[in-house]
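I sat down with this model to look up a few things about its interior and its backbone. These are my entries, in the order in which I looked.

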Amino acid sequence: MSLLRKKTVTQILSDAAEGDSGKLVKTLGVRDLTSFGIAAIIGAGIFSTIGLASYNGGPAVSLLFVFTAIACVFTALSYAQFASTVPVSGSAYTYAYVAFGEIFAWIIGWALILEYAVSNMVVAISWSEYFTSMLSGFGITFPKYLATDYGSALRAFALVEQTRQAGTPLDTLPENTRVLADAYAQAPQLGDLHLIANLPAGAVTVLITALVYIGIKESRTASNILVVLKLAVIGLVIGVGAFYVKPANWSPFAPNGVAGVLSGVASVFFAFIGFDSISTTAEECKNPQRDLPRAMLYCLAICTVLYVLITLVLTGMVNYKELGVSDPLAYVFQKVNLDFVAGVISVSAVVAITSALLVYQLGQPRIWMTMSRDGLLWKRFATIHPRYKTPSFATIVTGFLVAVPSMFMDLKFFVDLTSVGTFFAFILVCGGILYLDARGLSGQSKFRVPYINGKYIIGALLILAFGYTLTGANLLEHMEAKPLLFVFWGTWAVLAVQGFRYNFSLLPVVGVLTNLYLMTELGASNWLIFVGWLAIGLVIYFSYGFRKSKLATA
């Protein structure tokens with residue numbers, strides 16, 4: 001009855017093979033998996049965050065993409081080793097079950113809801129914004145009260161009324177605030193209730209959920225088509241934009257120095273998140289132990305090259321100071337009077353976000369299916385549709401969970417919160433590799449993280465990094481500004497000691513520290529909300545999962 005009871009790799013593979021409620025169909029190859037990875041990674045970020053990062057760091061941000069990709073590789077290698085060792089659909093949840101025990105597995109499974117389901121609410125809302133913007137580009141006006149949430153419209157209307165009563169000109173307010181206020185005023189009413197909902201966000205979620213429900217083959221085909229279209233547009237941007245590059249715009253290469261470049265590290269790192277979603281399809285892979293590791297590394301390599309090329313083209317076409325806009329790709333082509341290309345980019349943004357929505361909507365039900373198979377969730381979540389061979393009930397619940405809130409709530413504040421969950425999962429996966437190595441269990445893995453003995457290196461790097469920090473800004477002021485740095489330095493010290501004792505591999509340690517440092521960049525309020533989210537999860541676990549777990553009833 002221990003909270004740290006673990007499942008062996010043999011047990012997990014046996015449970016997946018027996019499958020009380022049916023089995024998934026194995027149909028995915030390395031090309032399909034790579035396509036899923038690209039679909040998840042290249043979403044809305046490439047059409048927005050690249051501009052802000054370039055505005056702050058200049059052309060040198062292209063190198064930041066390379067460095068960030070290398071940092072992601074440390075985590076991807078850890079995922080790849082686990083995927084080759086435990087080729088089932090639970091992703092980080094299953095890996096934690098093997099390495100750390102049931103309570104950590106539950107925490108990760110619960111945190112992954114933030115990464116997949118909750119973040120998809122934000123993705124759906126973002127899709128709605130790009131979709132209505134695209135329609136306006138074709139001269140079609142979509143009613144704003146049917147493309148926003150009630151809370152945002154009400155707050156905007158109240159702000160406009162306050163401004164009007166104060167006698168202040170309304171043009172002092174942001175345009176978006178005035179648009180939302182008009183939407184609230186123009187919305188049809190049922191009594192005193194204004195009928196406002198984000199219908200495009202709900203509709204696209206329902207359509208994507210239906211596709212995911214029907215089958216993995218159909219989802220694979222749709223993803224491959226969307227990715228081909230997306231890559232074609234990116235190729236068009238790079239190919240056409242290259243003719244308008246002015247090398248003088250690349251000088252100075254790093255106008256705001258290292259600090260300016262590093263200011264975009266969080267947004268650039270988020271642009272790579274998504275490669276882990278591939279692991280949720282492990283049971284639908286023809287050869288997961290070979291193809292999953294390859295696909296993770298392939299999609300990271302492809303996306304890195306594209307990000308670097310696009311950044312160089314953007315900063316070469318216009319001065320980096322002009323890129324602090326929400327739609328930098330469309331902006332630079334409008335700047336050189338290529339409105340047609342700008343229009344194509346607006347359409348491709350909708351395609352890009354659709355493909356990302358598809359992959360995440362595919363991943364969440366499979367994690368719930370695996371948790372249910374272990375007894376930690378209601379048994380029905382493990383039900384496999386007899387005809388479509390998909391986790392049908394879990395897919396419907398995921399669709400409902402994403403579609404309804406995305407129509408009625410403003411969930412943008414969840415962006416950082418989902419990042420906390422993602423980084424938390426990444427850290428445990430990298431730490432899990434250290435556990436496998438220390439226990440001598442890595443021999444079961446068909447793919448292994450390249451081993452570099454960190455016995456002395458981890459401690460030496462700690463001394464150098466801490467010494468460099470001391471020579472910079474006042475350490476106490478730095479730690480007060482970011483109190484979570486105490487956790488970062490403390491964890492590094494523990495890893496240095498344990499690494500000396502157990503000859504830890506350097507690469508997983510770097511993965512742990514990279515993700516932990518990025519977590520310190522997030523606000524304390526996000527951490528408090530995350531702790532609250534975990535508390536709710538633990539209540540559910542102790543009231544159901546702890547007693548119903550297969551390990552408890554075995």
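Cavities. I began with a search of the whole structure, which is a predicted model, and the search returned three cavities of 30 Å³ or more. The largest cavity holds about 40 Å³ of space, and I noted its lining as Ile12, Asp15, Tyr93, Thr94, Thr370, Arg373 and Asp374. When I assigned these residues to elements, helix H1 (9-18), helix H5 (92-99) and helix H15 (339-373) came up as the ones that give two or more residues to the lining. Sorted by class, the lining has three charged, two polar and two nonpolar residues.

Gly109. I turned next to Gly109, which is in helix H6 and which, leaving aside neighbours within four places in sequence, is in contact with Tyr93 and Met371. Tyr93 is also on my list for the lining of the largest cavity. I put Gly109 down as buried because its relative accessibility is 0%. I also looked up its separation from Tyr502, and found the two 393 residues apart in sequence and 28 Å apart in space, C-alpha to C-alpha.

Ile125. Helix H6 also holds Ile125, which I entered as buried because its relative accessibility of 8% is under the 20% cut-off. Between Ile125 and Asp410, which are 285 residues apart along the chain, the C-alpha separation is 8.3 Å.

Nonpolar cores. The largest nonpolar core has 150 residues, and the members that touch the most others are Ile42, Phe65, Tyr79, Phe275, Tyr307 and Phe333. Helix H6 (residues 102-137) supplies the largest share of this core, with 18 residues. A second core, separate from that one, has six residues, among them Tyr145, Ala153, Tyr184 and Ile196. I then followed Phe65 in detail and, not counting residues up to four places away in sequence, found that it touches Ile50, Val268, Ala271, Phe272, Thr304, Tyr307, Val308 and Thr311.

Thr177. I found Thr177 in helix H8 (residues 175-186), where its contacts, apart from neighbours within four places in sequence, are Ala156, Leu159 and Val160. Is Thr177 buried or exposed? I recorded Thr177 as buried, because its relative accessible area of 15% falls under 20%.

Backbone. Before checking torsions I reminded myself that most residues other than glycine have a negative phi, and that most peptide bonds are trans. The bond from Ser251 to Pro252 is cis, with omega near 0°, and Pro252 sits in the loop between helix H10 (216-241) and helix H11 (257-262). Asn337, which is not a glycine, has a positive phi near 65°; I located this residue in the loop between helix H14 (328-335) and H15, and I marked Asn337 as exposed because its relative accessible area is 65%. Lys389 likewise is not a glycine and has a positive phi, of about 60°, and its place is in the loop between H15 and helix H16 (392-408). At 33% relative accessibility, I noted Lys389 as partly exposed.

Confidence. Last, I looked up how the predictor scores the chain, which averages a pLDDT of 87, with 94% of the residues at 70 or above. Where is confidence lowest, and where is it highest? Helix H19 (residues 475-481) has the lowest mean, 65, while helix H9 (residues 199-214) has the highest, at 95.

Definitions and conventions. Residues are numbered from 1 along each chain as its sequence is written. This is a predicted model: local features need pLDDT of at least 70, side-chain atom pairs count only at pLDDT 80 or more; totals for chains, interfaces and linings use all residues. Side-chain values use heavy atoms; hydrogens and water are left out. A nonpolar core is a set of buried Ala, Val, Leu, Ile, Met, Phe, Trp, Tyr and Cys residues joined through side-chain atoms within 4.5 Å. Buried means under 20% relative accessible area, exposed over 50%, partly exposed in between (1.4 Å probe, protein chains only). Helices (H or I, at least four residues) and strands (E, at least two) are DSSP runs, numbered from the N terminus. Contact means heavy atoms within 4.5 Å. On a 1 Å grid over the protein atoms alone, a cavity is a set of points where a 1.4 Å probe fits but cannot get out, and a pocket is an open set with protein on both sides within 12 Å along at least five of seven lines; lining residues have an atom within 4 Å of a point. Grid points are joined across faces, edges and corners, and a volume is the space filled by probe spheres set on the points. Ala, Val, Leu, Ile, Met, Phe, Trp, Tyr, Cys and Pro count as nonpolar, Asp, Glu, Lys and Arg as charged, and the others, Gly among them, as polar. pLDDT is the predictor's confidence in each residue, from 0 to 100.
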